[in-house]
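Welcome! Here is a short guided tour of a protein model, written for someone who is just starting out with structures. Keep the 3D view open and follow along.

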Amino acid sequence: MLNLVRPGRNVLSHLGRRLYSSQSAVSFDRTELDSDKIDFKKYLNFNHEIVYNYTKEEIDVENVPTHKTNMCGAINEAMRHAMEKDEKAVVFGEDVAFGGVFRCTIDLMEKFGKDRCFNTPLCEQGIAGFAIGMAAMGYKPIAEFQFADYIYPAFDQIVNEAAKYRYRSGNLFNVGGLTMRAPCSAVGHGGHYHSQSPEAFFAHVPGIKVVVARNPVQAKGLLLSCIEDDNPVLFLEPKKLYRLSASTVPDDAYYLPLSKAEIIKKGTHVTVIGWASQMYVLEEAVKMAEEVGIDCELIDLRTILPWDVETVINSVSKTGRCVIAHEAPHTNGFGAELAATIQEKCFLNLEAPVIRVCGLDTPFPLVHEKYYVPDNLKCFEMIKKVVNY
Amino acid sequence: MLSRVKCIRPLTSAKRFYSKSELLTTPKYPGAVNAKFTKDLVFHNAVPNEPVFPIFHIMDLQGKIINQSSYKSVRETLDDDTLVKMYKTMIQLETMDTILYNAQRQGRVSFYMTNYGEEAVQIGSAAALTETDEIFAQYREAGVLMYRGFTLEEFMNQCFSTSKDYGKGRQMPVHYGSKSLRVQTISSPLATQIPQASGAGYAIRLSDRKDVAICYFGEGAASEGDFHSALNFAAVLKSQVIFLCRNNGYAISTPTSDQYKGDGIVARGLGYGIHSIRVDGNDPFAVYMAVREARKMSTEKHVPVLIEAMTYRGGHHSTSDDASRYRTTNELTYWREQMNPIFRLKKFLTNEKLWNEENENQVRDDTRKKVLSLLTSVEKAEKTHLDELVTDVYDQVPETLKEQKKFVDAMAKKYPEAYSEGH
């Protein structure tokens, strides 16, 4: 059985723990796994609940008119609300006029006309540049990149132009109206170029915001906030979630806070942090951990940049342990930033090293996707290991 | 050795063009050596009936009008006062350039880029625009700003990063911007402004404005992917935008012959379905008329227009460049002295009795005095406050950045002498 040690909260207990650890602690060599196995098969058709939790102070789905919709529908609604509210909101990208390859822009052209919802030539660099120019004129362009894997031709426009537009002009000009959407992350059969999670590239760029959503309610509220926000925002949409089961979403527009992480499950033993579709994996891992007596606190970071340091360090200071999981490759993924900040801010409260469970440092593989991704078992094993350290 | 090898091509062309026995009435631009001149203002939408796109012109090298009908048309909207204003701006720009270039050589300013040789394309185009047109410039368009009313003080506040620089001292010299003059702040990456202008031109059309976005760039920048995406987007999406290429023969040291194989930049417009014209960029009348008519076409038909203005970069690329390593003194002198657009307009204005040496000396002296006096004051002027280090990254300063700033403040407080340049 697990040797579950309660995290200490003060220097003395911490020091005692460290002395003890130095003699008998489990090393963080990930290849040394304990012999306990979990019956993972019951998580194959797992019914997720935690990822659909919401913070009542942020959102009301009980006292307002609601309906059921999936993430694709929620994103479509967000754009529709934005276009109804402001005639300067405009949606464009490759294949968006007929509704987009993922159907997120369906009916927008019919409702708002060809000038406000239109196809662009097949050129991400052009899409970004064009959107920046519109935003500089006071418009609210909502530009779609068909896949996040194809955003790199637009990298220069996003990094050197959108992100610096306000700063370099001393606030004479800005492209705050700009929102860029891109479907991201693994989908089960996407291979190199339909699976990437590029958030860390953009998290290194002061001046843009990077936001990801985990479910339909989050997607609608966060995307509306991105569109309203007076800064250029990259909104990443885990494509695997587009058609996942529907959830209850308010009919009207509502706005969820940016740069605010959300604790979707409170816990005491270990803080588990993720974002996007990884939250579904983490929910499974957290439930597995629960089976062996570990009480996880689960956090959805939601905004990657600028990120919510306070919520994260408060949680880790409380639990003393932390596991971060993301699909993007391990080295220099955004988990590295979280881990570095956590060790800096929570050093005396830490009972174990902060551990990242990530994609491998390989291109995203097709046939070996199952091995590549930080799946529920990998996350579970590392949660155990962090707690047992 | 390498630089000598690189000299070969310009040297050959210099020999060919710059022979004194050949008295030219029209310049031979390196960007389109074999182009003939034309008196017809044609925005091509099909390949013309000649091997090379011709260059539209109105005035010859001696300042003589050789295209009377176009000239008459120009003068319908260009009165004497405006013409004199154009010329004054050209010589003010040249004067400011010379002083600031020398100031850089003396170590008084960190960097500078002159506009030598390209005054006509800048000011000829600026004169054809309205106050509400939107400018997306590259970095060698100070004349456009100056013509629109950017003052010498504003130029120098930017170059010297004073507290009055609109850009708050964050960018290198010559990265000007002005909200009131509708000039988007310059950024160093080449060609990025081109698709932005397409987007702006689209926004302008959606707003039912009778304006254009005008986008300036060089023939080197036109090799970037941004250029191609910009033209395609603008054509397909019907943006009200004028693409104005300053084909000045060089991208830093790279001559046009190493830049493209086709017929310059103008030919590319046709491939994207854009009406395109090549003009004599050192002929302010030709530039003015082309931009005026392009504006009309763009605002009335809601289409983009491409103008390739043939010119010659009369100075170094920047103060970090030494053009003598890839251009001969002969070539430079030839262009600076014989092909100079300022001389052309001066000759014209003198012939028309609109200008004389007295006027010339007065404007040059006044400008020189003003710039020199400003030079002293901007050098001493207060720099942007350190608090501005972290503002404007976002609309509000994020918590993480506030914390980083506190550390900087603490360091500056502890070691004031080490950070004395920090303001």
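In this predicted model, a good place to begin is an open sheet in chain A, where 7 strands follow the order S3-S2-S4-S5-S7-S6-S12 with mixed pairing. Chain A also has an open sheet of 5 strands. After the two sheets, we will visit two pockets, two backbone details and two database annotations.

**The sheet of 7 strands**

- A handy reminder before you look: strands of a sheet pair through backbone hydrogen bonds, either parallel or antiparallel.
- Which strands sit at the edges of this sheet? They are strand S3 (117-119) and strand S12 (303-305) of chain A, and each of them pairs on one side only.
- Direction ignored, neighbouring strands of this sheet are turned by 20° against each other on average.
- For a close-up of one pair, find strand S2 (residues 89-93) of chain A, which pairs with S3(A) in the parallel sense over 3 bridges.
- Within S3(A), Phe118(A) is the residue that stands opposite Phe92(A).
- Now look for helix H8 (residues 216-228) of chain A, which lies across strand S4 (140-144), strand S5 (179-184), strand S6 (209-212) and strand S7 (233-238) of chain A. Helix H8 of chain A runs at about 160° to S7(A).

**The sheet of 5 strands**

- The strand order here is S9-S11-S10-S13-S14 in chain A, and the pairing is mixed.
- Strand S9 (262-265) and strand S14 (355-359) of chain A are the edge strands, each pairing on one side only.
- From one strand to the next, the twist averages 25°.
- Strand S10 (residues 270-274) of chain A and S13(A) run parallel and are joined by 3 bridges. Thr271(A) has Cys322(A), in S13(A), as its bridge partner.
- Helix H9 of chain A packs on this sheet and touches S9, S10, strand S11 (296-300) and S13 of chain A. The direction of H9(A) makes about 175° with that of S11(A).

**The largest pocket**

- A general idea helps here: rolling a probe the size of a water molecule over the atoms shows where empty space is left.
- The volume of the largest pocket is about 1000 Å³.
- Its lining has 42 residues, and those nearest the centre are Ala200(A), Ala203(A), His204(A), Phe334(A) and Glu337(A).
- Which elements give two or more residues to this lining? Chain A provides helix H7 (199-203), strand S13 (322-329) and helix H11 (334-345), while chain B provides helix H15 (399-414).
- H11(A) gives the most to the lining of the largest pocket, namely 7 residues.
- Sorted by class, the residues lining the largest pocket are 25 nonpolar, 12 polar and 5 charged.

**The second largest pocket**

- About 610 Å³ of space lies in the second largest pocket.
- This pocket is lined by 27 residues, and His48(A), Lys240(A), Val281(A), Glu284(A) and Asn376(A) are the closest to its centre.
- Helix H9 (278-291), helix H12 (369-372) and helix H13 (376-388) of chain A each supply at least two residues of the lining of the second largest pocket.
- H9(A), the helix that packs on the sheet of 5 strands, gives the most to this lining, with 4 residues.
- By class, the lining of the second largest pocket has 14 nonpolar, 7 polar and 6 charged residues.

**Two backbone details**

- Is the peptide bond from Leu305(A) to Pro306(A) cis or trans? It is cis, with omega near -15°. You will find Pro306(A) in the loop between S12 and helix H10 (309-319) of chain A.
- Ala276(A) is a residue other than glycine with a positive phi, near 60°. Ala276(A) is placed in the loop between S10 and H9 of chain A.

**What the database record says**

- In an unreviewed entry, UniProt lists residues 69-244 of chain A as "domain: Transketolase-like pyrimidine-binding". The end C-alpha atoms of this span lie 10 Å apart, and the span is 35% helix and 17% strand.
- For chain B, UniProt lists residues 87-384 as "domain: Dehydrogenase E1 component", also in an unreviewed entry. Here the end C-alpha atoms lie 34 Å apart, and the span is 48% helix and 11% strand.

How values were computed
Residues numbered from 1 in each chain as written. Chains lettered and ligands numbered in written order. Predicted model: local features only at pLDDT ≥ 70, side-chain atom pairs only at ≥ 80, totals over all residues. Heavy atoms only, no water. Pairing = 2+ DSSP bridges. Axes fitted to C-alpha atoms, helices over the stretch in contact; angles between N-to-C directions. Contact = heavy atoms within 4.5 Å. UniProt positions renumbered as here; feature names shortened; annotations may be inferred. 1 Å grid on protein atoms, 1.4 Å probe; cavity = no way out; pocket = protein on both sides within 12 Å on 5 of 7 lines; lining within 4 Å. Points joined across faces, edges and corners; volume = space filled by probe spheres on them. Nonpolar A, V, L, I, M, F, W, Y, C, P; charged D, E, K, R; others polar.
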